[in-house]
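Hi,

Here is the structure for you to look over. My notes follow below it.

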Amino acid sequence: MKYYIKMQMALNDIKARLQDKKGQGTVEYLLMLGVIIVVAVAAGALFKSFMPDLFDKIKTKIFGGVQSM
């Protein structure tokens, strides 16, 4: 019987700690950081195909402007 009471008290303590929401913990910060990293990598992969063409257009405009001087 004593073992049952101790287990019940331990479970109640764990339940109280899980329900206590004072602020964000390390896990939540790591999850947010992970989401930000995934979004940044996905955006980089999407823009990777557009970048060479964009830089070629900018280079052409710069050289065109320099030659017209």
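Where do Asp53 and Lys57 lie, and how many residues apart are they? Both sit in helix α3, 4 residues apart, which is about one turn of the helix. Their side chains meet in a salt bridge, at 3.7 Å from N to O. A search of the whole structure finds 1 salt bridge. Asp53 itself is partly exposed: its relative accessible area is 43%, and the partly exposed class runs between 20% and 50%.

Some background on the model. It is predicted. The average pLDDT of the protein is 82, and 90% of the residues score at least 70. Confidence is lowest in helix α1 (residues 2–19), with a mean of 80. It is highest in α2, at 90.

The fold is quick to describe. The protein has 3 helices and 0 strands. From the N terminus on, the order is α-α-α.

Now α2, which covers residues 26–48. It has 23 residues, and at 1.5 Å a residue these should span 33 Å. The end C-alpha atoms of α2 are 33 Å apart, so the expected span and the model agree. How many of the 23 residues of α2 are buried? The number is 0, so α2 lies largely in the open.

The protein as a whole gives a matching figure. Of its 69 residues, 0% count as buried. The protein exposes about 7000 Å². Carbon and sulfur atoms supply 71% of that area.

Next, the surface. Which residues form a nonpolar patch there? They are Phe47, Phe50, Met51, Leu54, Phe55, Ile58, Ile62, Phe63 and Val66. Together they have about 910 Å² of accessible area. Helix α3 (residues 51–67) gives the largest share of the patch, with 7 residues.

One patch member to look at is Phe50. It lies in the loop between α2 and α3. Is Phe50 buried or exposed? Its relative accessibility is 56%, so Phe50 counts as exposed, the cut-off being over 50%.

To recap helix α3: it holds the pair Asp53 and Lys57, and it also supplies the largest share of the nonpolar patch.

Best wishes

Key: Residues are numbered from 1 along each chain as its sequence is written. Side-chain values use heavy atoms; hydrogens and water are left out. Patches are made of residues with over 30% relative accessible area and no salt bridge: like charges are joined within 9 Å, nonpolar side chains (Val, Leu, Ile, Met, Phe, Trp, Tyr) within 5 Å. Accessible areas come from the Shrake-Rupley method with a 1.4 Å probe; for residues, only the protein chains shown count as cover. A salt bridge is a side-chain nitrogen of Lys or Arg within 4 Å of a carboxyl oxygen of Asp or Glu. Helices (H or I, at least four residues) and strands (E, at least two) are DSSP runs, numbered from the N terminus. Buried means under 20% relative accessible area, exposed over 50%, partly exposed in between (1.4 Å probe, protein chains only). pLDDT is the predictor's confidence in each residue, from 0 to 100. The expected span of a helix is 1.5 Å times one less than its number of residues.
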